[in-house]
Amino acid sequence: MTSALGFGQVQTIDLHFQDTPGVVASAVFDTGDGLALVDTGPSSTLPALEAGLAALGARLEEVRHVLLTHIHLDHAGAAGTLLARVPEARAYVHERGAAHLSRPERLVASATQIYGDQMERLWGEFLPVPAERLTVLAGGEQLRLGQTDVLPLYTPGHAVHHLAYHVGEHLFVGDVGGIRLDVRQTPRAPTPPPDIDLEAWRASIALLRGRDAHTLHLAHFGAYAQTEAHWDALLANLHTDAERIRAGLTAGQEPQALSDAFTEALLAELREEGPDLPARYEFACPPWMSVQGLVRYWQRQAARAAAPASVPAAQAGR
Ligand SMILES: [Zn+2]
């Protein structure tokens with residue numbers, strides 16, 4: 001193994017999603033017995049994943065463990081394709097996401113409703129992961145991969161089946177750690193439908209910030225020092241975004257007007273932090289999608305208050 005992937009080192013691989021750098025990442029480390037990847041990205045970026053590994057002196061065929069934070073297409077879309085190409089590799093997923101990985105028809109159908117004829121261009125194929133090649137996790141298991149201890153942490157809020165992984169100094173936080181495209185940007189919460197749960201998200205943040213780890217690895221995008229400021233800013237933005245939507249709904253704002261106003265405010269804030277940030281943010285999580293997730297959250301809250309019967313949420317594409 002090269003020094004870039006020396007034992008204990010973690011590298012970020014830029015998947016150049018839609019030919020845009022710094023939007024979707026995969027993280028890779030050497031377990032001491034083959035490579036572990038945290039999230040594969042979609043199939044459309046598999047060539048970029050291979051190129052990123054090659055730049056580190058590694059090959060896709062050396063991957064043995066695919067640690068999935070959640071099953072949304074931008075994180076897990078290439079898992080089935082990768083496993084088909086690398087027979088020795090396994091994937092790890094939360095128990096509430098496992099069925100969708102093995103039988104992705106419903107996941108793909110709901111994503112197709114959102115993306116229509118853009119599915120192939122954005123995401124590429126989504127091959128099923130054979131159930132026997134999945135390690136199904138609840139969170140809290142002590143995994144030993146090669147010579148490396150890996151602790152999966154159940155961290156819902158963004159998705160009901162979201163896991164983070166604690167490995168030594170490193171905390172792989174998927175989307176629950178927020179979107180932070182580079183150091184200029186304040187972390188923000190991606191809130192797509194259908195699972196957004198603010199209480200669960202805050203509890204997940206409390207769990208993660210209590211972990212003794214120096215570095216956060218974000219899928220969107222890259223590695224940052226774990227600081228109180230990161231988590232505080234994420235919580236503040238989560239609150240602001242959610243309250244914007246609640247206020248709009250309470251005022252009876254039309255869906256399109258609500259979405260437009262939210263998008264305008266969010267992109268203006270990003271633009272102040274960096275003129276190139278809005279365009280990249282749209283690739284990481286389009287603001288209209290965050291609106292839909294928060295609208296759904298508040299509607300569910302209202303329905304619960306009216307009648308305390310719980311309806312299982314369907315899975316969406318990301
Ligand atoms: Zn994501």
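**A tour around helix 9**

At 1.5 Å a residue, the 19 residues of helix 9 should span 27 Å, and this agrees with its end C-alpha atoms, which are 27 Å apart. The model on display is a predicted one.

Begin by selecting residues 255–273, which form helix 9. Within helix 9, colour L258, S259, F262, T263, L266, L267 and L270, each of which is buried. These residues cover an arc of only 145 degrees around the axis, and therefore lie on the same side of helix 9. Next, turn to the face directed away from that buried side, where the exposed residues E264 and E272 are found.

To see what covers the buried residues of helix 9, display its surroundings, which include helix 8 (228–250), helix 10 and helix 11 (287–306).

Now add helix 10, residues 277–284, to the selection; its axis comes within 8 Å of that of helix 9, and the two cross at roughly 125 degrees. The two helices are therefore oblique to each other. At their contact, select L266, L267, L270, R271 and E273 on the helix 9 side, together with L277, P278, Y281 and E282 on the helix 10 side. By class, this contact comprises 6 nonpolar and 3 charged residues, with no polar ones.

Finally, move to the loop between strand 1 (10–14) and strand 2 (25–30), and select D19 there. Is D19 buried or exposed? With a relative accessibility of 74%, D19 counts as exposed. Add A48 to the view: its C-alpha atom and that of D19 are separated by 9.5 Å, while the two residues are 29 residues apart along the chain.

Terms used
Residues numbered from 1 in each chain as written. Predicted model: local features only at pLDDT ≥ 70, side-chain atom pairs only at ≥ 80, totals over all residues. Heavy atoms only, no water. Axes fitted to C-alpha atoms, helices over the stretch in contact; angles between N-to-C directions. Helix = DSSP H or I, 4+ residues; strand = E, 2+ residues; numbered from the N terminus. Parallel < 35°, antiparallel > 145°, perpendicular 65-115°, else oblique. Contact = heavy atoms within 4.5 Å. Nonpolar A, V, L, I, M, F, W, Y, C, P; charged D, E, K, R; others polar. Expected span 1.5 Å × (residues − 1). Buried < 20%, exposed > 50% of the residue type's maximum accessible area, 1.4 Å probe, protein only. Arc of directions from axis to C-beta.
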